[in-house]
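Thanks for asking me to look over this structure with you. Here are my notes, written as numbered points that you can follow with the model open beside you.

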Amino acid sequence: MTQMPDIAPALPEIFLALAGMALLMLGVFKGDRSTRLVAYLTVLSFVVAGFLLVSTVETPSRTFGGMFVADDFAVFMKILSLLGSALAVIMSLEFIEREQMARFEFPVLFLFATLGMMLMISAGSLLSLYLGLELQSLSLYVVAAFRRDTVRSSEAGLKYFVLGALSSGMLLYGASLIYGFTGTIDFVRLAETFAEGGQVGIGLIIGIVFIAAGLAFKVSAVPFHMWTPDVYEGAPTPVTAFFAVAPKVAAIALFLRVMVGPFGDLVLQWQQIVVVISILSMLLGAYAAINQTNIKRLMAYSSIGHMGYALIGLAAGTERGVSGVLIYMAIYLAMNVGTFACILSMRVNRRMVEGINDLAGLSKTNPLMALSLAVFMFSMAGIPPLAGFFGKLSVFLAAIDAQLYTLAIIGVLTSVVGAFYYIRIVKLMYFDDPVESFDRPIGRDMTLVLTGTGLFTAFFFLFPAPIMDAATRAAQSLLAG
Amino acid sequence: MGQWPILSLTTFVPIVGAGFIFLLARGTPETVARNARYMALWTSLITFGLSLFIWFEFDRANPGFQFTEYAEWFPAWNINYRMGVDGISMMFVLLCTVLTPICVLASWESIRDRVKEYMISFLILETMMIGMFCALDFVVFYIFFEGVLIPMFVIIGVWGSGSRRIYAAFKFFLFTLLGSVLMLLALIAMYLQTRDTNIAILLATHFDRDMQIWLWLALFASFAVKIPMWPVHTWLPDAHVEAPTAGSVILAGVLLKMGGYGFLRFSIPILPEATAYFTPLVYTLSVVAIIYTSLVALAQEDMKKLIAYSSIAHMGFVTIGMFTLTTQGIHGSIFQMLSHGVVSAALFLAVGVVYDRLHSREIARYGGLWNNMPRYGIVFMIFMLGSVGLPGTSGFVGEFLSLVGAFQVNTWVAFLAATGLVLGAAYMLYLYRRVIFGRLTKDDLKGFHDLSLREMAVFAPLIALVFWMGIYPNSFIEVMDASVAQLIENYEAAIQSAADEAAGAAAVALR
């Protein structure tokens with residue numbers, strides 16, 4: 001007789017799944033006119049899921065035969081994902097209505113992608129990992145190609161799909177190797193197996209490498225980054241804003257969970273891989289961005305670079321490293337959402353523009369937007385006292401603690417190179433004369449998002465303790481379990 | 001006085017003022033500009049008034065940190081907000097608070113575009129500078145140290161004069177950032193040993209000798225760029241030339257001192273063995289800087305560039321004096337920094353006076369200004385002689401003490417550095433002759449009016465300071481004396497114990 005599994009830990013996910021289906025029904029019955037309603041309800045369900053997350057679940061707990069883990073780490077990352085998704089939905093509303101792509105599926109797909117992310121973050125075995133990942137990815141493929149009548153968007157969707165499928169294949173292959181060599185897919189059992197020591201076979205190593213490659217694809221780390229610039233550029237801008245934030249948070253969470261959890265005792269085997277992809281990502285992110293003229297492509301390279309920095313924390317493989325990554329991702333989320341809010345407000349004569357040079361003289365035509373974008377850019381460059389500095393500080397701290405000196409030195413040097421293109425945007429906005437002024441006003445939702453993230457980025461240094469403490473707790477829970 | 005957080009007040013009053021300007025200055029462009037100017041002036045004067053409390057209440061016999069403040073910041077990481085000044089840093093705080101109102105006044109008429117943003121940038125800059133000198137926590141220090149970059153980058157880029165202002169702004173930003181990030185790594189490495197970033201704890205910690213070498217190099221990368229030392233000085237002439245007058249004043253007056261202060265606060269006391277190891281390197285670079293940049297200054301056609309190169313040469317004296325680790329040397333180097341902060345700031349202001357009238361910095365465009373601007377001629381002469389180091393002016397005391405220190409340690413270094421004095425006199429007098437003396441033949445110069453009342457108000461306090469520091473230097477020396485004595489004592493004790501240890505290890509090895 002099988003017992004009914006305890007569903008309490010998965011309550012937020014279950015709620016979100018039900019909400020998604022209900023919203024789908026609502027959309028079907030009411031048609032595309034209900035897009036705004038569906039979008040608001042989507043945001044509402046994110047909020048409710050967030051509440052369920054912090055209030056009901058007692059952590060840590062495992063359920064569904066260990067496939068689903070709820071711990072402080074999961075709560076932290078899920079809140080970030082929910083926040084990123086909710087902000088992305090809010091930011092996209094005006095855009096989809098303006099660009100005639102307001103179909104009710106749009107917010108619902110965001111919702112399902114977010115559900116996938118939450119499952120990924122809570123994955124307790126290789127199988128639930130894969131299920132969450134695919135739920136997320138399939139939704140993302142569709143939204144990337146959501147503007148099916150334009151070539152660029154369809155191309156972005158297709159490219160993302162083909163390469164994404166390839167990476168999922170690699171991941172699965174890696175999972176099958178690991179299952180074959182150890183006889184289990186459960187993270188706890190895997191960790192126990194490796195903790196006993198003994199010989200680590202070559203097949204197992206290959207399996208880990210495949211899994212790492214698949215995950216590196218999802219976080220768009222070099223050398224699996226090729227899709228990023230094209231997809232970022234081709235996808236509709238609010239979708240890009242979504243891609244840049246929530247899926248990255250989820251994928252990094254998954255990366256952490258898999259590497260530090262079951263393979264934590266094999267740190268020496270995978271540390272080199274992570275170090276190398278981290279260095280390559282930082283270098284490519286810094287150098288390839290210099291010559292970009294399209295701001296979405298620039299942001300793509302910038303996010304590759306940022307993933308490189310986040311992976312520094314993973315490479316350290318310590319509690320300090322994990323908490324460094326978490327802090328970095330929280331700050332990354334605020335900076336990127338804010339930057340994309342600016343990008344979404346770049347309109348000239350009711351037409352979206354994406355050229356970096358279109359920002360010239362923004363400080364004269366729209367001082368507030370210029371100020372916030374300048375704050376985000378300086379923050380991404382890691383200049384104190386802005387938030388980005390604390391993110392970098394915490395990962396470098398972890399790297400030096402783990403004696404990864406080369407990694408840290410390359411990291412800070414590339415951050416100087418990266419600073420060049422970030423401050424180039426500041427230069428355009430403040431030093432150059434305006435060409436064409438952007439349409440105003442930029443909309444209430446956008447102003448709200450912009451002000452909120454801007455204030456967070458600028459004044460994070462006043463109250464860093466809550467996020468830092470939460471990240472430390474989350475890291476402890478990950479390493480404990 | 002104990003209960004008032006006087007240092008935090010001094011540090012944050014400017015940024016509060018900037019906030020007021022940001023929120024309150026509204027209306028037509030003219031009223032906004034006028035309100036912003038007055039609000040900035042009042043804010044900076046209030047800050048100056050507050051800083052006077054520090055000057056008068058400072059206990060000159062106490063070598064330790066005074067007016068200390070503490071507030072929890074990231075308690076879990078042992079990184080906390082700590083402020084305090086000792087005899088070394090206290091006068092730099094005053095230098096900042098003196099120069100900022102002068103900068104505001106000097107920009108009164110020359111800045112017409114985006115006045116509000118300009119004043120906000122300057123006040124933010126003031127907060128960052130004061131905070132940096134007051135910080136007693138390494139992370140707090142680093143944040144202020146780097147935070148300076150943002151307003152300065154904007155000041156050079158937006159209100160700079162030349163066509164190369166953007167290049168200069170980028171160069172300034174990236175050079176200093178490159179140095180600073182390496183310092184950040186050193187800071188992290190130190191933190192991981194002490195688990196605390198309190199500077200007082202760092203000062204009491206002994207680091208392994210090999211580690212000291214690396215840490216010292218990382219700190220050196222940052223401070224040497226900032227001070228700047230040859231060969232990483234190249235950002236300075238560009239930044240000076242392109243920055244608006246007040247920007248140059250702050251750059252020369254305060255920003256360069258951050259490097260020197262960094263050496264005194266971190267490199268020398270925390271890493272004594274590495275300091276001893278690298279002293280020859282510092283001497284060499286400083287001597288090269290003095291001679292080379294003096295020669296370069298001789299050949300300049302641009303007034304601001306000439307003064308910029310002279311700044312590098314003067315900073316060479318500072319580094320030599322500091323690394324002699326003698327009482328006179330360190331007194332001299334601190335004094336030289338203060339004096340240079342006043343004198344070179346005033347020289348840039350003097351260039352600004354004629355630049356506002358002709359909009360050219362080219363020396364050849366001027367000549368014979370004595371005929372219609374006698375008051376300007378006298379003011380310029382005072383500062384020119386201060387820069388040369390005429391006895392009775394502040395420049396003499398600093399250079400003399402630095403050289404006295406150098407002679408005790410290394411005669412050749414002192415000899416070579418002293419040639420810089422001769423060259424300094426040559427290029428400054430040459431500049432003065434070409435600009436002020438001669439016949440007034442150029443037509444566009446004939447209409448110049450002499451210094452206005454506002455301009456006199458700008459120069460008067462600086463003239464007073466130059467003579468005060470030159471004639472009665474003791475009021476400044478006595479402030480730093482106790483702290484410097486403690487610094488040297490601790491340094492020598494550390495070197496001695498390292499030597500003993502090495503001897504002990506050798507003895508063990510022999511046995």
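1. Let us begin where the two chains meet. Keep in mind that this is a predicted model. Across the interface of chain A and chain B, the rule finds 1 salt bridge. Its partners are Asp401(A) and Arg195(B), whose side chains meet at 3.8 Å, N to O. The count of residue pairs in polar contact between the two chains is 4, with both residues at pLDDT 80 or more. On the side of chain A that touches chain B, the elements giving two or more residues are helices H13 (319–344), H14 (362–365), H15, H16 (387–401), H17 (405–431) and H19 (465–480) of chain A. Of these, H17(A) gives the most, with 14 residues.

2. How many residues of each chain are in contact with the other chain? On chain A there are 41, and they touch 33 residues of chain B. Together the two chains bury about 3300 Å², and 84% of that area is on carbon and sulfur atoms. Please find Leu397(A), Val416(A) and Phe431(A) in your viewer: they supply 19% of the area that chain A buries against chain B, more than any other three residues.

3. Asp401(A) deserves a second look. Besides meeting Arg195(B), Asp401(A) forms a salt bridge with Arg320(A), where the closest N and O atoms are 3.1 Å apart. Asp401(A) lies in helix H16 of chain A and Arg320(A) in helix H13 of chain A, so this pair ties together parts that are 81 residues apart in sequence. Is Asp401(A) buried, partly exposed or exposed? Its relative accessibility is 30%, so Asp401(A) counts as partly exposed.

4. Next, a salt bridge elsewhere in chain A. The side chains of Asp433(A) and Lys364(A) meet at 3.4 Å, N to O, in a salt bridge. This pair links distant parts of the chain, 69 residues apart: Asp433(A) is in the loop between H17 and helix H18 (444–459) of chain A, and Lys364(A) is in helix H14 of chain A. Asp433(A) is exposed, with a relative accessible area of 54%, whereas Lys364(A) is partly exposed at 39%.

5. Chain B offers a useful contrast in setting. There, Arg265(B) and Asp86(B) form a salt bridge through their side chains, at 2.8 Å, N to O. Arg265(B) lies in helix H11 (residues 245–270) of chain B and Asp86(B) in the loop between strand S2 (79–85) and helix H3 (90–106) of chain B, so the pair ties together parts that are 179 residues apart in sequence. Why does Arg265(B) count as buried? Because its relative accessibility is 4%, and the cut-off for buried is under 20%. Asp86(B) counts as buried too, with a relative accessibility of 4%.

6. Stepping back, the count over all chains comes to 21 salt bridges by this rule. Some are joined up: Glu155(A), Lys159(A), Asp230(A), Glu233(A) and Arg297(A) are linked in a network of salt bridges.

7. One member of that network, Glu233(A), is also among the buried residues of H9(A). Helix H9 (residues 227–234) of chain A is mostly covered, with 7 of its 8 residues buried. What do these buried residues pack against? Their neighbours are helices H6 (151–182), H8 (202–218), H10 (237–260) and H12 (295–316) of chain A.

8. For a single residue to explore, try Met170(A), which is found in helix H6 of chain A. Met170(A) counts as buried because its relative accessibility is 19%, and the cut-off is under 20%. Leaving aside neighbours within four places in sequence, Met170(A) is in contact with Phe210(A), Ala213(A) and Phe224(A). The C-alpha atoms of Met170(A) and Val209(A) are separated by 9.4 Å, with their positions 39 residues apart along the chain.

9. Finally, have a look at the surface. A nonpolar patch there includes Leu368(A), Leu371(A), Phe12(B) and Phe22(B), and its residues together have about 810 Å² of accessible area. Helix H15 (367–380) of chain A and helix H1 (6–24) of chain B each supply at least two residues of the patch. H1(B) provides the largest share, 7 residues. Phe22(B) has its place in this helix of chain B, and at 38% relative accessibility Phe22(B) counts as partly exposed.

Note on methods:
Residues numbered from 1 in each chain as written. Chains lettered and ligands numbered in written order. Predicted model: local features only at pLDDT ≥ 70, side-chain atom pairs only at ≥ 80, totals over all residues. Heavy atoms only, no water. Patch = residues over 30% accessible without salt bridge, like charges linked within 9 Å, V, L, I, M, F, W, Y side chains within 5 Å. Areas by Shrake-Rupley, 256 points an atom, 1.4 Å probe, with all protein chains shown as cover. Salt bridge = Lys/Arg side-chain N within 4 Å of Asp/Glu carboxyl O. Helix = DSSP H or I, 4+ residues; strand = E, 2+ residues; numbered from the N terminus. Buried < 20%, exposed > 50% of the residue type's maximum accessible area, 1.4 Å probe, protein only. Contact = heavy atoms within 4.5 Å. Buried area = accessible area lost by both parts, 1.4 Å probe. Polar contact = N/O pair within 3.5 Å; in protein donor to acceptor, adjacent residues only side chain to side chain.
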